[in-house]
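Subject: Structure for you to look at

Dear colleague,

I am handing over the structure below, and my notes on it follow. Please read them with the model open.

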There are 2 protein chains.
Amino acid sequence: MNSSRPVTIKDIARRFRCSPSTVSRALNDHPAINEDTRKNIQEYAKEVGYQRNEVSLSLLNKKTATLGVVVPTIGNYYETAVIEGLHTVLQPLGYTLNICVTNENYLLEKEYLSKLLSNRTEGIFLSVSQETYDSGYYEHLENVIQRKTPLIFIDREYEDFETSRATVDDYHGAFAAVEHLITIGYKNIAHLKGPNGLTVSEQRFKGYRDCLKKYGVSIREELIINTNFQVESAIVPTKRLLDLDSPPDAIFGVNDQVAIGAMRVILDRGLKIPGDIGIVGFDNSPISAYTYPSLTTISRPGRKIGMEASRLFLNQLNGSGDFVHENIVLPTELIIRESSLRIS
Amino acid sequence: MNSSRPVTIKDIARRFRCSPSTVSRALNDHPAINEDTRKNIQEYAKEVGYQRNEVSLSLLNKKTATLGVVVPTIGNYYETAVIEGLHTVLQPLGYTLNICVTNENYLLEKEYLSKLLSNRTEGIFLSVSQETYDSGYYEHLENVIQRKTPLIFIDREYEDFETSRATVDDYHGAFAAVEHLITIGYKNIAHLKGPNGLTVSEQRFKGYRDCLKKYGVSIREELIINTNFQVESAIVPTKRLLDLDSPPDAIFGVNDQVAIGAMRVILDRGLKIPGDIGIVGFDNSPISAYTYPSLTTISRPGRKIGMEASRLFLNQLNGSGDFVHENIVLPTELIIRESSLRIS
DNA sequence: AAAATTTTTTCAAACGTTTGCATTCGTTAT
DNA sequence: ATAACGAATGCAAACGTTTGAAAAAATTTT
């Protein structure tokens with residue numbers, strides 16, 4: 001029933017009592033084909049809904065025009081912005097993006113990479129999963145390198161690979177966030193940190209730490225608590241912060257979600273934002289401008305990252321032997337809104 | 001440089017002075033292969049990083065184990081939840097999901113569908129784009145049907161196709177939202193509607209309208225204003241609502257984003273939520289529980305939709321001639337939170 | 001009408017893999 | 001020594017398409 005085989009060039013050839021070559025050339029407007037023949041064949045092809053089998057072409061040309069995008073999640077604004085950026089550049093060039101979501105899972109990531117290679121994907125954009133990062137296994141990446149499939153790291157990266165990378169300057173973004181809080185006059189700045197080990201988390205943490213150092217503020221370990229980027233994961237940590245003998249007067253959240261979660265807990269305690277506690281997030285997600293109070297945050301150019309990553313890929317693809325890998329780091333921007341605007 | 005051809009079975013065969021058949025069988029643990037031969041070949045294959053060319057296999061078997069997921073956007077919580085649901089069921093079965101984002105664009109949708117067919121995708125999950133819906137063109141879908149590629153509609157649908165569908169019961173969800181507001185005691189309920197023409201928008205609007213009717217509340221056209229689902233798109237409409245001579249005392253937003261935008265505008269005017277104005281959203285996105293005030297909303301089971309859609313696909317795939325298309329409609333649930341909890 | 005030329009079509013190989021059937025090789029039984 | 005057998009391997013075709021070179025057909029020139 002559902003096994004109505006798609007029409008092939010051979011079918012059409014049989015119908016016109018000619019060779020497949022003729023049909024192929026007719027369909028591709030080859031000049032050496034008789035005008036009538038061409039027209040007849042094209043009409044018939046359209047009529048029966050002929051559609052070129054790209055699989056066979058891929059085999060023949062060793063080109064699949066497919067790129068892999070392997071990301072831990074697509075739930076957040078940032079990732080979808082990156083994908084949009086990739087799409088903007090690569091879709092017009094005829095590439096299909098194969099989006100693979102690893103759910104931070106090492107085995108799934110490994111499987112996806114293997115599959116992408118088997119499917120002769122022409123390039124891979126990778127933001128490694130949390131588990132991969134934790135475990136430190138990276139044989140599955142060796143495989144990609146060995147096959148010389150262009151591999152572009154996005155945000156999360158291994159230090160020890162010779163590849164191109166496109167990352168946001170998380171360090172200076174975080175630094176600017178904390179510096180802003182200090183400038184306003186906040187003294188005890190807590191950090192709701194991302195999961196340990198991830199570049200993103202650690203860079204932002206470093207920015208936080210170094211900024212405090214620069215301003216001669218001693219670091220209080222109890223003001224640094226982990227979250228997992230999700231809004232829920234900020235609830236308990238924030239409560240713990242507020243319950244301290246000497247609670248913080250400002251919180252720097254590793255992203256907007258976490259910052260929003262923290263705000264909610266703070267407001268529930270009857271505290272004022274930014275009066276009692278100042279808040280800064282990270283991402284400049286669309287919602288951050290419309291929370292109550294609106295959220296001061298660090299803008300993270302996801303779309304641009306996607307476009308830069310595309311550029312890196314294209315460079316590598318067209319690159320000669322003396323091609324060198326690039327490491328793009330895009331700047332962030334401090335977006336000041338209500339959640340930190342205490343009159344100092 | 002980057003043209004180091006992947007190792008093929010033929011290469012291995014040359015190396016061992018045997019035929020490709022032998023190598024193929026050795027790699028696939030065929031019983032008729034000598035134990036030593038098998039071991040040697042397998043070891044060598046691993047050493048040189050041999051990876052089976054799935055493209056050639058696809059051609060041979062006419063199976064690609066690839067499914068297309070064509071959606072207007074992946075920016076919202078709901079869509080990613082759907083994708084997660086699809087993934088949950090289909091990934092373990094060996095399917096690769098090819099996620100295509102149309103950005104509500106007809107031409108892009110058409111191109112993607114054509115490409116998916118050309119690539120011999122074995123099934124397509126489709127949520128049609130706004131433009132497609134508006135224009136009413138659907139030849140690109142005829143093509144899919146003609147080729148008997150299983151096509152499952154998600155949420156947005158054409159009425160006139162013989163296909164399976166998985167949708168959320170938007171109508172009754174909206175109805176319940178408005179009924180809740182009425183029960184609480186709100187009298188003038190506005191609706192920030194989605195874009196005209198989309199099933200999702202229209203169903204929710206109908207639910208809103210019919211609920212008002214049922215309770216004998218006359219519909220005031222000026223209380224119904226369009227948005228585009230984005231948070232920003234709620235700002236101006238909400239201001240317009242508040243500026244009315246007889247402003248509403250409750251707003252039903254077509255989704256959480258819009259509701260959140262509305263809340264922001266209302267709070268900026270110094271009005272109280274839910275005291276002066278009650279708000280209900282739609283989606284139960286993670287953030288909705290943590291806004292201030294937290295948002296009463298309608299939960300929309302995205303993950304479940306994805307899983308149901310997968311089931312529909314599998315049914316159709318394994319179905320016999322007497323297979324009939326299913327039309328799954330999943331129920332919603334009213335999640336009552338602060339934004340509507342006025343003491344009546 | 002034959003030769004030269006141009007136009008149009010066909011042939012065959014290639015891409016990488018699998019698989020039914022045939023073949024080869026060594027071993028055992030007669 | 002030869003037949004019979006089993007184990008291991010090779011052959012060839014197939015999937016659908018493109019493409020250089022060869023062939024055939026149609027047209028023009030002599």
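In what follows, Ala, Val, Leu, Ile, Met, Phe, Trp, Tyr, Cys and Pro count as nonpolar, Asp, Glu, Lys and Arg as charged, and the others, Gly among them, as polar. This is a predicted model, in which local features need pLDDT of at least 70 and side-chain atom pairs count only at pLDDT 80 or more, while totals for chains, interfaces and linings use all residues. Residues are numbered from 1 along each chain as its sequence is written, chains are lettered from A and ligands numbered from 1 in the order in which they are written, and side-chain values use heavy atoms, with hydrogens and water left out.

DNA strand C is surrounded by 26 residues (near meaning that a heavy atom of the residue lies within 4 Å of the strand), and the closest are A:Thr22, B:Ile9, B:Ser24, B:Arg25 and B:Tyr50. The residues of this surface divide into 9 nonpolar, 11 polar and 6 charged. Of the atoms of DNA strand C within 4 Å of the protein, 58% belong to sugar or phosphate, and the rest to bases. A base oxygen of the strand is 2.6 Å from an N or O atom in the side chain of B:Arg25, whereas a backbone N or O atom of B:Ile9 lies 2.5 Å from a phosphate oxygen.

For DNA strand D, 26 residues surround the strand, and the closest are A:Ile9, A:Ser24, A:Arg25, A:Tyr50 and B:Thr22. A phosphate oxygen of DNA strand D is 2.6 Å from an N or O atom in the side chain of B:Thr22, and a polar side-chain atom of B:Lys62 lies 2.8 Å from a phosphate oxygen of this strand.

As for the two protein chains, chain B can be laid on chain A with an RMSD of 0.1 Å by a turn of 180° and a shift of 0.0 Å along the axis (superposed by least squares on the C-alpha atoms of residues with pLDDT of at least 70 in both). That is the relation of a two-fold axis, and in chain B the C-alpha nearest the axis is that of B:Asn98, 2.6 Å from it. Because 100% of the interface residues of chain B are also interface residues in chain A, the copies meet through the same surface (contact meaning heavy atoms within 4.5 Å).

With best wishes

How values were computed
Polar contact = N/O pair within 3.5 Å; in protein donor to acceptor, adjacent residues only side chain to side chain.
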